[in-house]
Amino acid sequence: QLVAKDALDVYIEHRLMMETRGRDPADTHDSRNQYPSELMRRFEVYFRPPSTLKPKVVRDVKADSIGQLVTVRGIVTRATEVKPMMTVATYTCDQCGAETYQPIASPSFTPLIMCPSQECVTNKSGGRLYLQTRGSKFIKFQELRIQEHSDQVPVGNIPRSMTIYARGENTRVAQPGDHVAVSGIFLPLLRSGFRQAVQVTRFTHVTHISTSYQHTVEEDFYEKLAGSIAPEIYGHEDVKKALLVLLVGGVEQAPRGMKIRGNINICLMGDPGVAKSQLLSYIDRLAPRSQYTTGRGSSGVGLTAAVMRDPVTGEMTLEGGALVLADLGVCCIDEFDKMADADRTAIHEVMEQQTISIAKVRCRMSRARLSALRAAESETERSAESEVYLCLRAVRTRYISKCKQKQPVVPEALSDYITAAYVEMRKEARVSKDTTFTSARTLLSILRLSTALARLRMVDVVEKEDVNEAMRLMEMSKDSLQADKTNNTRAQRPADVIFSLLRELAGEGAVRSVRVAEAEQRCVSRGFTPAQFQAALDEYEELNVWQINQARSRVTFV
Amino acid sequence: MPTVHDWINNPLGIVDGLFAQSNSCPDWEKKVVEYFKEKLKLNDAHTWVPSLNDVPLHYLKPNSLVKFRCMVQDMFDPEFFMGVYEMNDPTSNSKQVKCGKYKDITEGGQVDFNSRSTVTSERQTFYCVPIPGESQWNSFAGTSQARVVPSTSYVPNRHKRSYEEDDEMDTQPQQMKDGAQSSAESHGNIEPKRQETEAPSHDSFPSHCTSSLDLNFPLPGEKGPACLVKVYEDWDSFKLNDMLEVFGILSVDPALSVIADEREASSLLDPTEGMETVEEQRVHSPPASLVPRLHMLYAQPLVHNNPLLPSSNFQRKAHLSSVLGELASIRAELLTYLTHVLLGDSLAAEYLILHLISNVYSRRDVLPLGKFTLNLSGCPHSSPFTEHLYKVIQQLVPSSYRLCMSLHNMNNQRMVPRKDYTANRLVSGTLQLANNTSLFLDETQLEQGQLDATGVRNITALGNLISWQKVDYDFNYHQMEFSCNINVLITSEGRSLLPSDCQVHLWPTLNPPNLEEYLSAVQVAQVPSQLNKYRIYLSVARALNYTISDEITKAVEEDFVEMRKDDPQSMSAEDLHRLLDVARLLSLSHGQNTLSRDGWMKAKQLEALRISQTPQQKCVNGNEP
């Protein structure tokens with residue numbers, strides 16, 4: 001009946017058979033010759049704290065918690081390798097062959113030497129015991145060190161830490177840098193020495209570790225996530241959204257060997273002091289792998305890689321620069337405009353082709369897979385390959401790496417919609433005096449952005465709303481550029497713009513009406529949120545400029 | 001008389017005595033603290049207590065009361081100890097309940113770990129170092145004060161100490177009763193052993209041990225005892241980098257070092273020890289002969305570390321009125337002195353005084369108020385001038401540090417403290433300084449070259465320190481902001497590359513043929529009593545309170561509007577801010593707690609003069625606001 005058998009199963013089975021066969025019920029065995037229950041067990045028991053229990057801060061775990069079940073929150077600062085820990089030592093006697101068992105509950109133990117079996121004791125044969133590794137039971141064991149979160153530390157204090165002993169399935173759950181909530185029994189560890197010292201350090205036996213990270217996708221998850229990027233910086237919602245998208249990245253495609261990059265490059269532009277650098281450094285901290293550098297301090301060589309001659313062997317070696325170090329990550333380059341022209345070209349290659357060439361030795365680094373995030377102060381530094389000309393962003397590293405595992409595709413059905421939208425954009429670009437340029441690049445950008453947005457929602461298929469949001473971001477990026485030139489005219493309220501859009505859409509007929517769904521689509525693609533659209537609808541209805549039918553599906557101008 | 005000083009020589013006897021009464025009086029712990037507080041309050045009782053800062057460790061009696069003027073450099077994790085434990089006495093086969101507070105090691109006999117009367121308590125360990133950059137005159141003054149102490153409180157030679165021990169043994173039986181007695185005996189037992197081993201070990205240790213054991217002083221080249229201070233009460237009230245005067249029981253039992261050694265040797269064998277790294281053990285249980293343990297009975301936070309001034313608030317008030325009388329004359333003398341030092345530039349001397357008495361008195365959001373970073377430009381490149389200027393400042397302020405901003409220093413020095421997770425401690429850096437330290441940045445030492453990543457980080461840290469009076473300590477996974485209160489003075493040739501609140505250009509009117517000789521002569525001319533007056537003056541002026549009346553606020557407001565009317569470019573909000581700072585410091589330097597109309601006008605004149613003398617520079621390095 002038993003299928004999957006490993007050594008332990010075989011041992012358990014054998015031992016059970018031995019017990020039923022050779023055991024005389026009247027026979028009183030030495031307790032050490034009986035099978036300890038740990039040896040016959042395949043399950044582990046853990047406690048999960050009630051979800052209502054609020055985790056404590058490390059500094060609140062005091063002497064009165066000794067011996068109690070506590071739940072603490074913290075960041076893992078150290079994790080040892082997972083080592084085997086003996087829970088039952090099994091010995092065999094070299095004289096009588098009897099097995100002896102020694103359950104071990106403490107961190108250290110004294111091995112048994114003399115065989116305690118009936119036979120050896122009565123015969124005084126002096127059987128010696130040998131430790132039998134395969135018959136012993138080991139469990140996984142790991143030691144962690146957690147430290148308080150910085151927000152739990154009172155001003156002017158050093159964060160406290162605590163040692164955690166994890167056993168069995170609780171091992172390998174957390175890595176340094178992870179935020180965890182640990183439940184366990186809080187016990188002091190006695191220190192003793194030449195004389196009895198009365199010092200004791202603190203540690204906790206874990207019964208449960210959970211990494212504090214939720215997969216739930218909430219309603220306004222996208223907004224919240226974007227808002228959590230550099231929360232200390234007010235506003236800049238669209239910039240933050242753009243940065244969020246950068247962290248996730250689009251899907252890379254390689255049809256027939258041709259590589260189409262999925263990484264999103266962003267150039268943040270703005271007046272001095274609008275938190276460009278702060279956003280950059282925030283991203284630097286947030287991205288799982290990132291490299292921060294400033295344009296003024298780095299040459300093309302430093303950014304890409306340097307060829308160095310080894311002084312001893314005369315060998316040429318490659319020294320990774322910021323961009324190489326940021327492979328598969330984000331490279332944040334501050335003060336991009338202050339960089340020398342020659343060096344800037346090195347970065348263009350990386351951003352465009354995602355490769356790094358080192359001309360000096362005619363070798364080519366295989367691939368550079370990174371997004372470049374740049375901050376520059378003047379508009380002249382605008383480069384054609386940056387999708388979004390805006391300024392800012394960030395998110396939970398964990399979520400982002402999860403998101404990156406998704407490979408969303410654009411369904412056939414959406415291609416028509418995207419094509420139509422692109423044609424529309426081209427048409428508009430031709431009429432407006434816009435200095436930006438709408439080309440096939442823009443289309444690629446929109447695709448990249450929409451796949452990234454789909455990744456963010458953790459779905460496998462790109463939906464219409466992703467495309468809309470991508471177009472909205474592009475539109476906002478363009479608007480943010482135009483604002484520079486048109487800021488002498490009065491800024492129009494979103495409601496007013498929506499009104500004029502609708503009027504245009506309604507045409508010049510006798511009965512001027514327009515479908516709400518159609519109108520909303522148009523507005524959203526122009527960079528307005530559905531909420532703004534609804535607000536505008538209500539506002540103008542109140543003014544009696546238009547009427548909306550009962551089902552709210554059609555707007556008719558009065 | 002020895003009985004008078006029993007609380008200094010044998011504080012544990014008093015603790016045990018009070019503990020013995022714990023049945024009748026449950027809050028004996030409070031009583032212990034109260035007892036020592038009362039004793040220290042008496043007259044100048046606290047000056048009788050020998051100080052770890054001045055007296056070499058091997059002259060101090062173990063388990064006696066000592067004081068230590070220090071800065072909290074690191075805070076370790078709390079540890080548990082047996083507050084009360086029961087012991088089996090093998091000789092009489094009886095059980096005894098003992099107190100484990102203020103001790104590192106249990107005494108004699110076998111501890112009964114399963115006893116029901118065991119109480120586990122918690123205490124906090126701080127790693128304390130002497131206040132970084134403390135000037136020589138400061139510790140000297142401290143010693144001279146301690147010399148007033150009756151010689152019985154500490155004994156500077158070994159012969160005399162053993163005499164006193166006999167003395168102490170004689171008095172103990174009368175002093176202590178029942179339980180406490182055996183503690184005295186065991187105490188006596190280990191004593192001779194300690195004497196034999198300690199003296200040579202102290203001689204040989206520093207030479208070979210300093211290399212393996214980093215005592216983690218913030219500034220390079222610092223000496224002095226570092227100390228593990230065990231805190232029993234109210235440890236949340238202490239902050240990192242606080243200056244404290246700790247009164248506590250000295251514990252240098254060699255057994256503590258034995259534990260450390262044994263653990264190192266056995267760490268491979270014992271699985272429990274494998275979980276604490278060797279580095280961690282070394283840092284957290286260093287040999288007691290190098291890093292003594294101090295069990296805190298009472299600690300006084302220090303507002304300043306000027307020994308010429310009384311440290312408690314109450315006494316300072318009385319002191320203040322006596323100083324205020326002479327204030328004007330001292331200020332004039334100091335101004336003349338500094339003018340001589342600054343080669344005859346009285347304006348620079350005036351600003352230097354303002355700088356020396358500046359103090360962050362409050363923080364509004366992130367903005368520190370009251371800081372006054374001075375950039376003294378026009379200092380000659382590679383000349384002994386800055387070095388001598390620093391010496392002069394060192395003579396005037398209680399603690400200071402000169403940071404030569406040479407490329408090598410910038411690229412190699414650790415300025416920002418960093419958490420070392422392997423050893424589980426905060427590795428100190430140059431910028432971990434106590435409040436009111438004068439930091440002298442010598443930019444004239446800077447030469448051309450490449451700043452590497454460390455250099456860039458260091459420059460950023462210095463900039464943050466100057467602009468926000470905070471240092472972001474590096475905790476690897478995140479940074480933590482620690483606010484500080486450090487007076488930064490930058491000397492440079494041109495305008496400094498670091499931000500500053502105020503730039504004064506030096507215009508020498510004297511041109512001595514031999515600069516070095518001249519500067520030394522100026523310094524030598526000051527008699528110590530004169531210097532002491534300056535020191536007191538600076539510390540007093542710094543601590544004065546300051547208010548602006550509504551009436552003056554209004555006048556200033558109108559004045560500002562008036563000035564903007566003429567030329568909006570001439571007066572920005574920052575200029576007003578600086579002007580208010582100058583006015584505040586100017587008033588304080590004259591001993592006035594409020595701004596007067598006259599003071600405001602003077603500040604305006606001073607600023608106008610300074611601006612007219614500052615060479616106009618184009619924006620060159622982007623550090624301009």
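Q: Which residues form one aromatic cluster with F499(A)?
A: Let's start in chain A of this predicted model, where local features need pLDDT of at least 70, side-chain atom pairs count only at pLDDT 80 or more, and totals for chains, interfaces and linings use all residues. Residues are numbered from 1 along each chain as its sequence is written, chains are lettered from A and ligands numbered from 1 in the order in which they are written, and side-chain values use heavy atoms, with hydrogens and water left out. The partners of F499(A) in the cluster are Y540(A) and W546(A).

Q: How many aromatic pairs are found over all chains?
A: Rings of Phe, Tyr and Trp (its six-membered ring) pair if their centres lie within 6.5 Å; planes under 30 degrees apart are stacked, over 60 edge-to-face and the rest tilted. Searching the whole structure this way gives 16.

Q: Is the pair of Y35(B) and F36(B) stacked or edge-to-face?
A: The ring centres are 5.3 Å apart. With 80 degrees between the planes, the pair is edge-to-face.

Q: Is F36(B) buried or exposed?
A: Buried means under 20% relative accessible area, exposed over 50%, and partly exposed in between (1.4 Å probe, protein chains only). Y35(B), at 29%, is therefore partly exposed. F36(B) has 1% relative accessibility, so F36(B) is buried.

Q: Which ring does the charged end of R123(B) sit over?
A: A charge sits over a ring if NZ of Lys or CZ of Arg is within 6 Å of the ring centre and within 35 degrees of the ring normal. For R123(B), the distance to the centre is 4.6 Å, and the ring belongs to F81(B).
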